[in-house]
Amino acid sequence: MILTVCLSPCIDVNIEVESLAVGMSHKLISKRIFFTGKAINVAIGISRLNADVFSTGFMYEGNGNQFEIELHREGVPYKFVWCKGRVRENYKFIDHKSMLTEIDDISPEVSPEKQNELIELVKQLSGKCEAVVICGGLARGMTPDYYGKLLAAVPEGVKKIVDTEGERLYSALGKGVDLIKPNLDELERTLKRPLRTQSDMLAGCKQLLDKGAKCVLLSLGKKGAIITDGKRSLYSKSVNVAMNSTVGAGDGMVAAATCALVRGGSLEDILCAGVAAGTAAVTSPDSISFGIDKYREVLSALTVKEI
């Protein structure tokens, strides 16, 4: 079983209007609501790949029941640490010129007692798992070293997968991580420098390997991805697809790459699984994850080369 840990769930509200002007009334064209959070998206992707998964993390009393409904629909079992307040709601407005305006909410604070409760829950659940996936940001008031505290609760022999950046990532790497999945922007922000060439990217990945990662899967968006364990480095270019959404693309990568890793896959397997899931996810406008048929179609078309 794979355990996913969501530290900052959110509700994404995507609104399409003809045009957007401050101080004016607007008629809505379409509205999509996603009950999301990186590790929740990962759990759904893992379930769609027919692997056993369990979801945990923080959830909020005010409106968290909608997440239970979503996970029930996807067949994902869960147990949350329930906190006071409401899940944050992020709004994205897009007009006919494809101009995007975003309004991001702030998470409620999570008390130290609730933080400790989740650490104990992860310790209890992870002992029954083959892998633990921890993703995303933190609730208001939490410190980056919480990543390290969570991973310290995971027993030896359980694979650790992390998708975050900056000080949170460094905290996780201090405990040893089997797989990390930054995208290029996240890697640049973490290392505090631009990475313009493939050589620059590989050098950046090596820095994180030296800090405690066993393997780095670097997402390059529509260009595909690079994977390296310090001994071998591989690249797979994504295939061309119609892009209908960017929601959950990176989380799809993490889900499929984790499944490949747990199933004993090679670097090639992990890379191609990640690229296929991320690519398939962008074709799904009404979902936070990928369709399995599209995933298989993309996977069969991918090629890998040594770099």
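The paragraphs below lead from the whole chain to one helix, then to a pair of helices, and finally to a single residue in a loop.

The structure is a predicted model, and its protein chain holds ten helices and 14 strands. The radius of gyration is 19 Å, close to the 19 Å that the globule rule gives for 307 residues, so the chain is as compact as a globular protein of that length. Taken along the principal axes, the box filled by its C-alpha atoms is roughly 60 × 45 × 40 Å. Of the 307 residues, 52% are buried, while the accessible surface comes to about 14200 Å², with 49% of that area belonging to carbon and sulfur atoms. If one considers the contacts between residues at least 6 apart in sequence, 66% of them join residues at least 24 apart.

Within this chain, helix α1, which spans residues 38-48, is mostly covered, since eight of its eleven residues are buried. The buried residues form a run that includes Ala39, Ile40, Asn41 and Val42, and also Ala43, Ile44, Gly45 and Ile46. What lies over them? The cover of these buried residues includes the strands β1 (2-6), β3 (28-36), β4 (53-60) and β8 (131-135), together with the helices α2 (65-74) and α8 (249-262). After α1 comes asparagine 50, whose phi is positive, near 65°.

Further along the chain, two helices can be examined as a pair. Two packed helices are described by the angle between their axes and by the distance between those axes. For helix α6 (residues 184-191) and helix α7 (residues 198-211), the axes come within 11 Å and cross at roughly 60°, and the crossing is left-handed. On the α6 side the contact involves Leu184, Leu187, Thr190 and Leu191, which meet Met201, Gly204, Cys205, Gln207 and Leu208 of α7. Sorted by class, this contact has six nonpolar and three polar residues, and no charged ones. An α-helix has 3.6 residues a turn, so residues three or four places apart point the same way.

A last stop is methionine 142, which lies in the loop between strand β8 and helix α4 (146-152). Is this loop residue buried or exposed? Its relative accessibility is 10%, and because buried means under 20%, methionine 142 counts as buried. Apart from its neighbours within four places in sequence, methionine 142 is in contact with Phe58, Val110 and Gln115. Between the C-alpha atoms of methionine 142 and alanine 256, which are 114 residues apart along the chain, the separation is 29 Å.

Conventions: Residues are numbered from 1 along each chain as its sequence is written. This is a predicted model: local features need pLDDT of at least 70, side-chain atom pairs count only at pLDDT 80 or more; totals for chains, interfaces and linings use all residues. Side-chain values use heavy atoms; hydrogens and water are left out. Axes are lines fitted to C-alpha atoms, for helices over the stretch in contact, and angles run from 0 to 180 degrees between N-to-C directions. Helices (H or I, at least four residues) and strands (E, at least two) are DSSP runs, numbered from the N terminus. A crossing is left-handed if the near helix is turned anticlockwise from the far one by less than a right angle, and right-handed if clockwise. Contact means heavy atoms within 4.5 Å. Ala, Val, Leu, Ile, Met, Phe, Trp, Tyr, Cys and Pro count as nonpolar, Asp, Glu, Lys and Arg as charged, and the others, Gly among them, as polar. Buried means under 20% relative accessible area, exposed over 50%, partly exposed in between (1.4 Å probe, protein chains only). The radius of gyration is taken over C-alpha atoms; the globule rule is 2.2 Å times the number of residues to the power 0.38. Accessible areas come from the Shrake-Rupley method with a 1.4 Å probe; for residues, only the protein chains shown count as cover.
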